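Hi,

Here is the structure I promised to pass on. Have a look at it first, and then read my notes below.

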Amino acid sequence: MLARRRVLTALPALALAACAPAPTASLSAGAPDRASGAAPGGAAPTGPAVRPRPTAEQIGRQFAGRLPKAWGLQVPGVVTRAAVASVALTFDACGGRGGGGYDARLIAALRKHRVPATLFLNARWIAANPGPAAELAADPLFELADHGTAHRPLSVTGRAAYGIPGTASLAAVYQELLSNRPHLESLMGTPRPWYRPGTAYYDDVAADVVRAVGLVPVGFSLNGDGGATFSPAQVATEVGKARAGDIVISHMNHPEGGTALGYEAALPRLAGQGTTFTTLSRAGLPWE
């Protein structure tokens with residue numbers, strides 16, 4: 001396991017539970033094109049083939065009797081690294097009690113430095129922030145991705161992470177995967193296929209269900225803000241470790257935290273090292 005992934009196993013208890021029921025562009029590049037994160041003139045990413053989505057009943061038959069063999073932040077089938085020589089910044093907006101804020105200062109920092117990012121929006125956060133959600137959807141610097149509705153770890157047995165109970169059945173996994181899609185579609189038409197559950201925990205069966213319904217399960221390789229619990233200095237230090245191929249997770253729903261100030265310090269430093277940034281749709285990831 002890569003050394004920089006040490007933060008994945010050394011997080012405090014609330015590290016990823018802060019939202020509990022919670023070509024590439026560089027700092028000097030021009031504005032990326034709509035919802036892709038590419039510099040102007042870049043080729044559009046190839047999307048997944050359009051195909052009928054299986055029903056809950058079909059998923060139930062397909063995965064009936066299958067028991068999980070793996071559980072955690074890194075299980076088979078979950079994307080944790082980019083396949084290009086850039087850094088993919090991702091930010092979760094989790095919604096729910098204590099998790100419905102909007103870190104406008106963080107977004108302003110990304111805009112100031114022209115840094116593209118993928119924003120994982122939860123249905124409850126969208127409902128609580130209709131104005132910012134629509135504004136972000138219209139901004140070509142960002143692309144929107146799916147962070148579910150109930151912000152549950154994705155499990156077929158109800159396994160918990162950070163004290164948050166996971167989905168407890170195939171039917172519950174299916175519901176959590178697809179119930180936010182209409183909200184994203186109302187914002188941007190055809191959403192990107194990227195999906196990250198609450199806490200970013202999966203079991204391997206649930207991860208396979210994500211792909212079976214036409215989405216892509218996403219994790220991360222570097223934790224930038226410890227679930228919005230890190231101080232600005234900690235955020236700056238951790239984000240400053242990002243290297244080519246990293247998928248960085250942070251949060252955009254806790255303006256009271258240290259995330260924005262940390263990124264304000266880290267982004268110029270990374271630029272000085274020649275770091276470039278990309279969205280997941282430009283990260284060389286397989287769509288299916």
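Let's start with a loop: not counting residues up to four places away in sequence, which residues does alanine 168 touch? With those neighbours left out, alanine 168 is in contact with Ser155, Val156, Thr157 and Gly158. Keep in mind as you look that this is a predicted model. Alanine 168 sits in the loop that runs between β4 and α6. Along the sequence, alanine 168 and threonine 157 are eleven residues apart, yet their C-alpha atoms are 4.5 Å apart in space. Is alanine 168 buried or exposed? Alanine 168 has a relative accessible area of 54%, and the cut-off for exposed is over 50%, so alanine 168 counts as exposed.

After that loop comes helix α6, residues 170-178. Its buried residues are Leu170, Val173, Tyr174, Glu176, Leu177 and Leu178. The cover over these buried residues of α6 includes α2 (56-63), β4 (142-146), α7 (181-188), β5 (194-195) and α8 (204-212).

Two of those covering helices, α2 and α8, also pack on each other. Their axes come within 11 Å and cross at roughly 135°. Angles over 145 degrees would count as roughly antiparallel, and α2 and α8 are therefore oblique to each other. The crossing of this pair is right-handed. On the α2 side the contact is made by Ile59, Gln62 and Phe63, and on the α8 side by Val205, Asp208, Val209 and Ala212. Sorted by class, the contact of α2 with α8 has five nonpolar residues, one polar and one charged.

A second helix pair is worth a look too. Helix α3 (residues 104-112) packs with helix α10 (residues 259-272) at an angle of about 15°, and the two axes are 8 Å apart. Since angles under 35 degrees count as roughly parallel, that makes α3 roughly parallel to α10. Here the crossing is left-handed. From α3, the contact is made by Arg105, Leu106, Ala109 and Leu110. From α10, the contact is made by Thr259, Ala260, Leu261, Tyr263, Glu264 and Leu267. The residues of the contact of α3 with α10 divide into seven nonpolar, one polar and two charged.

Now for a strand. How many of the seven residues of β2 (residues 87-93) are buried? The count is seven of seven, so β2 is largely enclosed by the rest of the structure. Val87, Leu89, Phe91 and Ala93 point one way from β2, while Ala88, Thr90 and Asp92 point the other way, and all are buried.

Which strands does β2 pair with? Here are three of its pairings, with a bridge partner for each:

- Strand β10 (residues 277-278) pairs with β2 in the parallel sense over two bridges. The partner of alanine 88 in β10 is threonine 278.
- Strand β9 (residues 247-251) also pairs with β2 in the parallel sense, over five bridges. In β9, histidine 251 stands opposite aspartate 92.
- Strand β3 (residues 117-121) pairs with β2 in the parallel sense over four bridges. Leucine 121 of β3 stands opposite alanine 93.

If you open the model, you could begin at alanine 168 in its loop between β4 and α6, go on to the buried residues of α6, and finish at β2 with its seven buried residues.

Cheers

How values were computed: Residues numbered from 1 in each chain as written. Predicted model: local features only at pLDDT ≥ 70, side-chain atom pairs only at ≥ 80, totals over all residues. Heavy atoms only, no water. Axes fitted to C-alpha atoms, helices over the stretch in contact; angles between N-to-C directions. Parallel < 35°, antiparallel > 145°, perpendicular 65-115°, else oblique. Left-handed = near helix turned anticlockwise from the far one by under 90°. Contact = heavy atoms within 4.5 Å. Nonpolar A, V, L, I, M, F, W, Y, C, P; charged D, E, K, R; others polar. Buried < 20%, exposed > 50% of the residue type's maximum accessible area, 1.4 Å probe, protein only. Pairing = 2+ DSSP bridges.
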